[in-house]
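Trainee: Please choose one part of this structure and take me through it closely, residue by residue where that helps. I would like a connected account, beginning with any term we need in order to read it.

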Amino acid sequence: MLEVRNLCAGYQGKEVLHRITASFAPGEITGILGPNGCGKSTLLKVIAGLQKPTSGQVLLDGQSLMELPPKKSARKIAYLPQSRNVPEISALRMVLHGRFCYLSYPRRYRAQDYEAARQALAWIGASDLADQSVSELSGGQRQKIYIAMALAQNADTILMDEPTTYLDIKNQLEVMEMAHRLAALGKAVVMVVHDLNAVLQHADHVFLLANGMVTAAGTPDQVFESGKLQQVFGVRVQALATPEGKQYYCLPI
């Protein structure tokens, strides 16, 4: 179980997150919502161990993340940032990066690392991309490769910062479907997504951030019924019942 307790963090002396307390359950998708600049990406970076909190704790199975060696915490948490440089390497080599935390010196990939990478590519349905350069792939294909890298890392928690940004509708739906599949494997999937409908429709649990604080938390229905979405985003959020479940849409106030 991954938890944050009374977490505060910021940059250059300016606090961005204020006493955040949250937990992220295995086998569930947790959506983090909030307007630009509210601290969503900062929260993921602190959870991933890429940024130190100014106070509070990040706990993995009751143990402080700060007490774990980086290699051990990397085996527990995989982080997919919002943007990254696109390397001139093959997709298979990119997925192999997820195995780095399992290597000892000298860092040479073993047969089991190649097998884990190939299995991850097969799991996302991209075995045919193994030898293609990542730089030549479409945005949707790259996002699948990054998810395969996280899968090869075999982490219990997968953090995704805006995984559907710049993707077309088909690829957005495929990424959300993969998030469900990852959760079905027992992984805690934590996603920062700006698309209200996507989060409310697909997440099991939602945290709504505003001004660096948790304004609402609960199931999508609970957060929707709280009325906090309208206050935070300045729009009317409506729900429409369909045969496929509730669909959410926004209207100006």
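Mentor: A polar contact, as I shall use the term, is a pair of N or O atoms within 3.5 Å, and within protein one of the two must be able to donate a hydrogen and the other to accept it. Please keep in mind throughout that this is a predicted model.

With that in hand, let us begin at Ser 133, which lies in the loop between α4 (111-123) and α5. The side chains of Ser 133 and Ser 135 are joined by a polar contact of 2.8 Å. Ser 133 also touches Pro 87, Glu 88, Ile 89 and Ser 90, leaving aside residues up to four places away in sequence. With a relative accessibility of 14%, Ser 133 counts as buried, because the limit for that class is under 20%.

From this loop we can turn to the two helices that it connects. The axes of α4 and α5 come within 8 Å and cross at roughly 135°, and α4 and α5 are therefore oblique to each other. On the α4 side the contact is made by Ala 116, Ala 117, Ala 120, Leu 121 and Trp 123, and on the α5 side by Ile 145, Ala 148, Leu 151 and Ala 152. The crossing in which α4 passes α5 is right-handed. As background for reading such a list, an α-helix has 3.6 residues a turn, so residues three or four places apart point the same way.

Leu 121 deserves a closer look, since it appears again in the core. Not counting residues up to four places away in sequence, Leu 121 touches Leu 92, Val 95, Ala 126, Ser 127, Ala 130, Ile 145 and Ala 148. In the largest nonpolar core, which has 53 residues, Leu 121 is among those with the most contacts inside it, together with Ile 124 and Ile 145. Helix α5 (residues 139-153) gives the most to this core, contributing eight residues. Apart from that core lies another, of 26 residues, among them Leu 17, Ile 20, Ala 48 and Leu 68.

Helix α5 has a further partner in helix α6 (residues 169-184), and here the two pack at an angle of about 10°, with their axes 10 Å apart. That angle makes α5 roughly parallel to α6, because angles under 35 degrees are placed in that class. Gly 140, Gln 143, Lys 144, Ile 147 and Leu 151 of α5 meet Asn 171, Glu 174, Val 175, Met 178 and Leu 182 of α6. Leu 151 of α5 thus has a place in this contact, and it has one in the contact with α4 as well.

The loops that lead into α4 and α6 contain some backbone geometry worth checking. In general, most residues other than glycine have a negative phi, and most peptide bonds are trans. Pro 106 is placed in the loop between α3 (91-96) and α4, and the peptide bond from Tyr 105 to Pro 106 is cis, with omega near -5°. In the loop between β7 (157-161) and α6 we find Glu 162, whose phi is positive at about 55° although it is not a glycine. Tyr 166 lies in the loop between β7 and α6 too, and its phi is near 70°, again a positive value in a residue other than glycine. In accessibility Glu 162 is buried, with a relative accessible area of 6%, whereas Tyr 166, at 81%, counts as exposed.

For orientation, we can finally set this part against strand β11 (residues 235-242), where Ala 239 is found. The C-alpha atoms of Ala 239 and Leu 151 are separated by 34 Å, and the two residues are 88 apart along the chain. Ala 239 is partly exposed, its relative accessible area being 31%. Beyond residues up to four places away in sequence, Ala 239 touches Phe 224, Lys 246, Gln 247 and Tyr 248.

Key
Residues numbered from 1 in each chain as written. Predicted model: local features only at pLDDT ≥ 70, side-chain atom pairs only at ≥ 80, totals over all residues. Heavy atoms only, no water. Core = buried A, V, L, I, M, F, W, Y, C linked by side-chain atoms within 4.5 Å. Buried < 20%, exposed > 50% of the residue type's maximum accessible area, 1.4 Å probe, protein only. Helix = DSSP H or I, 4+ residues; strand = E, 2+ residues; numbered from the N terminus. Contact = heavy atoms within 4.5 Å. Axes fitted to C-alpha atoms, helices over the stretch in contact; angles between N-to-C directions. Parallel < 35°, antiparallel > 145°, perpendicular 65-115°, else oblique. Left-handed = near helix turned anticlockwise from the far one by under 90°.
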